[in-house]
Amino acid sequence: MAVNTDYLLHLADNALILGQRNAEWCGHGPILEEDMAMANNSLDLIGQARLLYQHVANLRKDGRTSEDLLAYFRDAYEFRNYTLLELPHSTALLPTASGDRDYSVTIVRNFLYSALMVLVWDALKQSSDSHLAAIAAKSFKEVQYHLAHSRSWLIRLGDGTGLSHQKMQAAVDYLMPFTQEFWVDSPMEIVAAETGLGLQVSSLKAAWEEIVDDALTEATLKYSSSQGFVTTGKLGVHSEHLGFVLAEMQSLARAHPTAVW
Amino acid sequence: MTTPALKEWPLWEVFVRSKQGLEHKHCGSLHAADAQQALQMARDVYTRRQEGVSIWVVPSANITASLPEDKDALFEPSADKIYRHPTFYEIPDEVGHM
């Protein structure tokens with residue numbers, strides 16, 4: 001039976017793309033401590049992606065797939081990450097420069113994603129794939145901290161000054177519709193659930209809403225509508241932003257394919 | 001009179017215990033809005049290389065320190081009192097290990 005590597009790539013690409021995005025703060029964080037916190041977060045996520053890519057490479061056994069090939073030599077339509085994770089750190093419709101980076105988007109996105117992954121990794125500890133179960137056990141510990149970190153800033157800034165509240169509410173309003181993609185089970189997720197490799201994320205919706213609702217209430221923020229267009233990043237159909245993320249991330253490896261440190 | 005909002009976050013001293021059974025050691029300081037945030041930041045800044053199993057944070061303002069100009073009066077007098085070190089004494093062989 002063919003192994004459902006699409007599902008593993010979905011988990012890996014989520015981690016890699018958000019890790020790459022959060023790493024944009026490296027050297028530009030609002031304060032030194034947050035700069036380091038975000039770099040730590042990125043290194044956790046990229047570490048998760050590496051373990052998953054290595055697992056896929058081992059499963060394919062074609063003598064050519066490697067973690068580097070998967071990260072640096074696939075194009076946007078082959079990436080299976082949620083569209084939410086590839087968006088720039090900005091609520092502007094057309095963010096153009098790094099100066100547009102807005103920490104409220106960073107915090108709200110990390111919170112919404114971590115609130116999901118704390119449930120997903122916890123459930124995947126029971127995966128029929130013992131290798132994935134081990135990666136889940138490790139990632140679960142990391143995401144617990146990511147959730148605590150983003151949640152604490154969500155509350156501080158949401159229940160902060162007039163301006164910080166306004167910016168956090170704008171970020172929640174902007175990002176919430178992208179979370180609809182979590183709950184529409186794709187064919188690869190349905191197959192993964194049937195074989196016991198993975199799970200149908202839609203079954204976690206109530207638990208996720210409880211985590212999110214609880215934190216938003218404490219942050220004095222409104223749970224905004226999550227209706228409208230449903231993005232399809234996990235099917236390989238992305239926003240215009242992923243191409244730019246990949247261009248920056250992959251250009252060095254593609255220019256010097258055999259380079260080593 | 002109302003208290004003006006703090007423009008700068010207060011300073012905290014960070015102590016990390018590297019292993020169970022060892023003492024917490026001072027490893028640096030950082031700025032944070034409150035104790036919880038100071039702990040979180042200390043985790044991110046000072047324990048990235050598995051330095052610790054426990055963290056303490058203490059408001060720097062709560063530390064009372066000796067003054068550098070009192071150094072001579074406080075510490076100089078002990079310089080010539082070598083008999084306060086155990087190595088000053090010769091222990092008779094019959095005592096064995098102490």
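The structure holds 2 cavities of 30 Å³ or more. A cavity is a set of points, on a 1 Å grid over the protein atoms alone, where a 1.4 Å probe fits but cannot get out; lining residues have an atom within 4 Å of a point. Grid points are joined across faces, edges and corners, and a volume is the space filled by probe spheres set on the points. The model is predicted: local features need pLDDT of at least 70, side-chain atom pairs count only at pLDDT 80 or more, and totals for chains, interfaces and linings use all residues. Residues are numbered from 1 along each chain as its sequence is written, chains are lettered from A in the order in which they are written, and side-chain values use heavy atoms, without hydrogens and water.

The largest cavity has about 50 Å³ of space. Its lining draws on both chains, with A:Tyr145, A:His146, A:His149, B:Arg43 and B:Asp44 among the residues. The elements giving two or more residues are α2 (32–60) and α5 (130–158) of chain A, plus α1 (35–46) of chain B. Helices (H or I, at least four residues) and strands (E, at least two) are DSSP runs, numbered from the N terminus. The top contributor is α2(A), with 4 residues. By class the lining has 2 nonpolar, 4 polar and 3 charged residues. Here Ala, Val, Leu, Ile, Met, Phe, Trp, Tyr, Cys and Pro count as nonpolar, Asp, Glu, Lys and Arg as charged, and the others, Gly among them, as polar.

The second largest cavity, at about 40 Å³, is lined by residues including A:Tyr7, A:His10, A:Tyr82 and A:Val201. Its class split is 6 nonpolar, 2 polar and no charged residues. Most comes from α1(A), with 4 residues.

Those four named residues lead to A:Glu189, whose contacts (heavy atoms within 4.5 Å) include A:Tyr7, A:His10, A:Tyr82 and A:Val201, and also A:Lys234. A:Glu189 lies in helix α8 (residues 187–195) of chain A. Is A:Glu189 buried or exposed? It counts as buried because its relative accessibility is 0%. Buried means under 20% relative accessible area, exposed over 50%, and partly exposed in between (1.4 Å probe, protein chains only).

Next, the packing. The largest nonpolar core has 82 residues, and A:Trp121, A:Leu154 and A:Trp208 have the most contacts inside it. Such a core is a set of buried Ala, Val, Leu, Ile, Met, Phe, Trp, Tyr and Cys residues joined through side-chain atoms within 4.5 Å. Helix α4(A) gives the most to this core, 15 residues. Beyond four places in sequence, A:Trp121 touches residues including A:Leu11, A:Gln48, A:Leu132 and A:Phe140.

Now the pockets. A pocket is an open set with protein on both sides within 12 Å along at least five of seven lines. The largest has a volume of about 680 Å³. Of its 19 lining residues, A:Asp68, A:Tyr72, A:Leu252, A:Ala253 and A:Trp261 lie nearest the centre. The second largest pocket holds about 560 Å³. B:Trp9 is one of the residues nearest its centre, as is A:Trp153.

Finish in chain B. B:His24 lies in strand β2 (residues 24–31). It counts as buried because its relative accessibility is 13%. Its side chain makes polar contacts with those of B:Ser54 at 2.7 Å and B:Trp56 at 3.3 Å. A polar contact is a pair of N or O atoms within 3.5 Å; within protein, one must be able to donate a hydrogen and the other to accept it, and residues adjacent in sequence count only if both atoms are side-chain atoms.
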